[in-house]
Amino acid sequence: MTTLLTGANGLVGSMIDADLRISGRDQVDLRDWYSTERYFRSHSPDTVIHTAARVGGLGANMNNMADFYYDNILINSNVLEASRKFGVKRVVSFLSTCIFPDDVEYPLTEDKLHQGEPHFSNFGYAYAKRMLEVHSRALKTQHGLDYTCVIPTNIYGPHDNFNLKDSHVLPALIHKCYLAKRDNTDLVVWGSGKPLREFIFSEDVGKLTNLICQYYTGNDPLILSTSEEISIRQAAYTVAEAMGFEGKVVFDYSKPDGQFRKPTSNLRLRDFVPEFEFTPFNEGVKKTVDWFVSNYDTCRK
């Protein structure tokens, strides 16, 4: 059995074992059908773990709505159609909890994915990702293919994108804190710090993905979540402690908070792996901070 991983140089991809690894556009441009088709024809994978996407934080999503939609629609459509065309038996594709409806009853569960509009701040990305689930379900309905999706909460860990312009909240906090400590300045955090998020360590996502590929027999999506809510304020101070930053943490109320909270239920995941132990948040942050400091000169930033 041959497993192909897309997005292999990303945060999740770095934690997943695979025989074939697509690391970037210089290797295969998944937005281009002919490039994607040639690769699948040449390598004939049996299983595909699809993590590749154009991703970014709040600012990047708000400023590039159409680009995020277009690139992700192309990537997802090409990977699934190539998988179908060349007989891939199993596809596990990655979604994100940010694609859930903005106005929905909490906690989020897998069956609420399409029950309303996503938050305005990322609707381009969100709708493109939702169509990945629709496409997978359509392939199951029409062709009987064993294609499913997983929906992780905010993933963090080594090998993340720490670029201050387009990274997610935790790697952005880590990079800002590093600079604040180095330059002896305040750590400035966007917004009030009150919004709540659920974070999951990348090593845990890698372990869960391997289990899903081997043993999950359902076609319904699975939310990958600890179901523990952490405030942005708590996250900032956890990063500061891990970094050994002793300066002042300042919250910039002139900046947007984004969606206030989006708690999830991991009951379906717990039914599948009831004994799984998640990495505690402070432990995962410490590992991530230590990796970032050690790899500052070469990491994505």
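When I speak of a helix this morning, I mean a DSSP run of type H or I with at least four residues, and the helices are numbered from the N terminus. With that settled, please keep in mind throughout that what we are looking at is a predicted model.

Let me begin with the second largest pocket, since that is where a helix comes in. About 210 Å³ of space lies in this pocket, and of the 16 residues that line it, Glu133, Arg137, Asn219, Asp220 and Pro221 are the closest to its centre. Which helix gives the most to the lining of this second largest pocket? That is H4, which contributes five residues, and if you want to find H4 in the model, it covers 123-143. Strand S5, at 146-152, also supplies at least two residues of that lining, as H4 does. If we sort the lining of the second largest pocket by class, we find seven charged residues, five polar ones and four nonpolar ones.

Strand S5 leads us to the sheet it belongs to. Before we look at that sheet, a general reminder: strands of a sheet pair through backbone hydrogen bonds, and they do so either parallel or antiparallel. Here six strands form an open sheet, with parallel pairing, and the order across it is S2-S1-S3-S4-S5-S9. At the edges stand S2 and strand S9, the latter at 222-224, and each of these two pairs on one side only. From one strand to the next, the twist averages 20 degrees.

Let us walk through some of the pairs. Strand S1, residues 3-6, is covered on both faces, with Thr3 and Leu5 buried on one side and Leu4 and Thr6 buried on the other. With strand S3, residues 47-50, S1 pairs in the parallel sense over four bridges, and Thr3 has Thr47 as its bridge partner in S3. With strand S2, residues 20-22, S1 again pairs in the parallel sense, here over three bridges, and the partner of Leu5 in S2 is Arg21. Further along the sheet, strand S4, residues 90-94, is joined to S5 by five bridges, also in the parallel sense, and Phe94 of S4 has Val150 as its bridge partner in S5.

Helices lie against this sheet as well. Helix H1 packs on the sheet and touches S1, S2 and S3, while its direction makes about 170 degrees with that of S2. Helix H6, residues 202-215, lies across S3, S4, S5 and S9, and runs at about 150 degrees to S4.

I would like to pause at one residue of H1, a helix that spans residues 33-43 and includes Glu37. Is Glu37 buried or exposed? Its relative accessible area is 11%, and because buried means under 20%, Glu37 counts as buried. If we leave aside its neighbours within four places in sequence, Glu37 is in contact with Lys85 and Phe86.

Now we turn to another sheet, in which three strands, in the order S6-S8-S10, form an open sheet with mixed pairing. Its edge strands are S6, at 154-156, and S10, at 229-231, each of which pairs on one side only. Neighbouring strands in this sheet are turned against each other by 55 degrees on average, with direction ignored. Strand S8, residues 196-201, is joined to S10 by three bridges, and the two run antiparallel; within that pair, Arg197 stands opposite Ile230 of S10.

There is one more pair of strands to show you. Strand S7, residues 187-190, and strand S11 pair in the parallel sense over four bridges, and Val188 stands opposite Val250 in S11. Strand S11, residues 249-252, has one covered face, made of Val249 and Phe251, and one uncovered face, made of Val250 and Asp252.

Finally, we come to the enclosed space. How many cavities of 30 Å³ or more does a search of the whole structure find? The search finds one, and the largest cavity has a volume of about 30 Å³. The residues that line this cavity are Asn154, Ile155, Tyr156, His168, Val169, Leu170, Pro171 and Phe199. Strand S6, which we met in the mixed sheet, and helix H5, at 169-183, each supply at least two residues of that lining. By class, six of the lining residues of the largest cavity are nonpolar and two are polar, while none is charged.

Conventions. Residues numbered from 1 in each chain as written. Predicted model: local features only at pLDDT ≥ 70, side-chain atom pairs only at ≥ 80, totals over all residues. Heavy atoms only, no water. Buried < 20%, exposed > 50% of the residue type's maximum accessible area, 1.4 Å probe, protein only. Contact = heavy atoms within 4.5 Å. Pairing = 2+ DSSP bridges. Axes fitted to C-alpha atoms, helices over the stretch in contact; angles between N-to-C directions. 1 Å grid on protein atoms, 1.4 Å probe; cavity = no way out; pocket = protein on both sides within 12 Å on 5 of 7 lines; lining within 4 Å. Points joined across faces, edges and corners; volume = space filled by probe spheres on them. Nonpolar A, V, L, I, M, F, W, Y, C, P; charged D, E, K, R; others polar.
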